Amino acid sequence: MKIKILSRNSHLYSTKRLVEAATKRKHEVEVIDPLKCDIVIEKRKPNIYYKGGYIEGVDAVIPRIGASVTFYGTAVVRQFEMMGAFTTTESESLVRSRDKLRSLQVLSRAKIGLPKTVFTNYSRDVSGVIKQVGGTPLVIKLLEGTQGVGVVLAETNNAAESVIEAFNGLQARVIVQEFIEEAKGGDIRAFVVDGHVVGAMKRQGKEGEFRSNLHRGGSAQVVELTDEEEIAAVKATKAMGLGVAGVDMLQSARGPLILEVNSSPGLEGIEKATGKDIAKSIIRYIERNV
């Protein structure tokens with residue numbers, strides 16, 4: 001098959017592993033930068049112009065679209081869909097997953113466990129917002145934040161009010177969430193491919209850090225999910241319409257609570273923690289569908 005990996009950097013671990021896995025299984029694979037693709041829109045003849053020529057005969061694409069280039073990257077994925085290529089992440093699902101508020105609404109509708117969350121239109125009743133999530137400590141998140149950036153733990157009412165008011169003053173959209181104390185600064189990342197969990201790891205924030213992101217110095221180790229956690233991960237991925245996803249969840253007294261469903265999850269942390277060939281699972285997912 002002819003497979004294109006949409007990535008701005010061919011040297012990234014995830015991109016290199018996908019190239020290796022596709023090549024090993026005798027596929028023709030190429031990494032292309034979505035921002036260097038020209039989208040050609042014409043009656044009955046959608047096309048993509050890249051590096052002096054038209055891209056033709058593509059069987060499948062693997063989008064590795066960063067959050068900062070979601071708009072154009074999604075347009076490129078949509079164009080490949082119009083050209084008849086299979087994509088491991090559909091354009092609509094990609095857009096849906098990048099909107100944290102919309103994602104939570106979709107998951108809520110699917111009756112999936114979530115931390116209690118409040119979103120307002122820059123409400124002046126900040127104390128009311130704090131009460132809605134059960135008081136402090138609480139977590140404040142920028143809607144556009146990634147990799148733990150723009151996430152604040154407010155331990156007192158005064159701190160929470162100050163941070164929310166500051167974000168409101170900057171016209172920055174935030175969500176306010178209850179703090180799950182029993183998670184103890186750790187979370188679980190379940191990697192789902194084609195409706196099955198192919199690997200899972202527990203991430204733990206470094207001492208004094210409530211964010212467990214590996215980019216922020218967190219550690220990871222393999223973990224075996226409970227049936228409830230596995231069902232929650234698969235159900236959340238299905239609700240978001242994703243074929244490949246990294247589902248982040250907290251372990252709480254009331255069961256697993258989904259934090260986020262990532263449509264472009266990195267492979268390095270999960271492969272190193274579990275020792276599993278996740279890239280191969282993604283290529284096999286393509287083979288089953290093309």
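This is a friendly conversation about how some features of a predicted model get their names.

Trainee: What makes α1 and α9 oblique to each other?

Mentor: Helix α1 (residues 13-24) and helix α9 (residues 278-289) pack at an angle of about 55 degrees, and their axes are 8 Å apart. Angles under 35 degrees count as roughly parallel and 65 to 115 as roughly perpendicular. The value fits neither of those classes, nor the one over 145 degrees, and therefore α1 and α9 are called oblique. Their crossing is right-handed.

Trainee: Which residues make the contact?

Mentor: From α1 come Arg17, Leu18, Ala21 and Ala22, and from α9 come Ala279, Lys280, Ile282 and Ile283. These residues divide into six nonpolar, no polar and two charged.

Trainee: Where does Arg25 lie, and what does Arg25 touch?

Mentor: Arg25 is in the loop between α1 and β2. Leaving aside residues up to four places away in sequence, Arg25 touches Lys280, Ile283, Arg284 and Glu287. By contrast, the C-alpha atoms of Arg25 and Lys141 are separated by 41 Å, with their positions 116 residues apart along the chain.

Trainee: Why is Arg25 called partly exposed?

Mentor: Its relative accessible area is 31%. Buried means under 20% and exposed means over 50%, so a value of 31% places Arg25 in between, as partly exposed.

Trainee: How do you know whether Lys26 is buried or exposed?

Mentor: Lys26 has a relative accessible area of 73%. The cut-off for exposed is over 50%, so Lys26 is exposed. Lys26 is also in the loop between α1 and β2.

Trainee: What is notable about the phi of Lys26?

Mentor: Lys26 has a positive phi of about 70 degrees although it is not a glycine. Most residues other than glycine have a negative phi. Asp194 is another residue other than glycine with a positive value, its phi being near 55 degrees. Asp194 is found in the loop between β12 (186-193) and β13 (196-204).

Trainee: Why does Asp194 count as partly exposed?

Mentor: The relative accessibility of Asp194 is 29%. Since that is neither under 20% nor over 50%, Asp194 counts as partly exposed.

Trainee: What makes α2 roughly antiparallel to α3?

Mentor: Helix α2 (residues 70-82) and helix α3 (residues 91-98) pack at an angle of about 160 degrees, with 8 Å between their axes. Angles over 145 degrees count as roughly antiparallel, so α2 is roughly antiparallel to α3. The crossing of α2 and α3 is right-handed. Thr70, Thr74, Val77, Arg78 and Glu81 in α2 meet Ser91, Leu94, Val95 and Arg98 in α3. This contact divides into three nonpolar, three polar and three charged residues.

Trainee: Why are β8 and β10 said to stand at the edges?

Mentor: They belong to an open sheet of four strands in the order β8-β11-β9-β10, with antiparallel pairing. β8 (117-119) and β10 (151-154) each have a single partner strand, so one side of each is left without a neighbour in the sheet. From one strand to the next, the twist averages 25 degrees.

Trainee: How do you know that β9 and β11 pair?

Mentor: Pairing needs at least two bridges. Strand β9 (residues 138-142) and strand β11 (residues 174-178) have five, in the antiparallel sense, so they pass that test. Leu138, for example, has Glu178 in β11 as its bridge partner. Helix α6 (residues 157-169) packs on this sheet and touches β9, β10 and β11.

Trainee: What kind of peptide bond runs from Thr136 to Pro137?

Mentor: That bond is cis, with omega near 0 degrees. Most peptide bonds are trans. Pro137 lies in the loop between α5 (126-132) and β9.

Trainee: What makes both faces of β6 covered?

Mentor: Strand β6 (residues 60-63) has Ala60 and Ile62 on one side and Val61 and Pro63 on the other, and all are buried. β6 is joined to strand β1 (residues 2-6), which runs parallel to it, by four bridges. Ile62 is the bridge partner of Ile5. β6 also pairs with strand β7 (residues 86-87) in the parallel sense over two bridges, and there Phe86 is the partner of Ala60.

Terms used: Residues are numbered from 1 along each chain as its sequence is written. This is a predicted model: local features need pLDDT of at least 70, side-chain atom pairs count only at pLDDT 80 or more; totals for chains, interfaces and linings use all residues. Side-chain values use heavy atoms; hydrogens and water are left out. Axes are lines fitted to C-alpha atoms, for helices over the stretch in contact, and angles run from 0 to 180 degrees between N-to-C directions. A crossing is left-handed if the near helix is turned anticlockwise from the far one by less than a right angle, and right-handed if clockwise. Contact means heavy atoms within 4.5 Å. Ala, Val, Leu, Ile, Met, Phe, Trp, Tyr, Cys and Pro count as nonpolar, Asp, Glu, Lys and Arg as charged, and the others, Gly among them, as polar. Buried means under 20% relative accessible area, exposed over 50%, partly exposed in between (1.4 Å probe, protein chains only).
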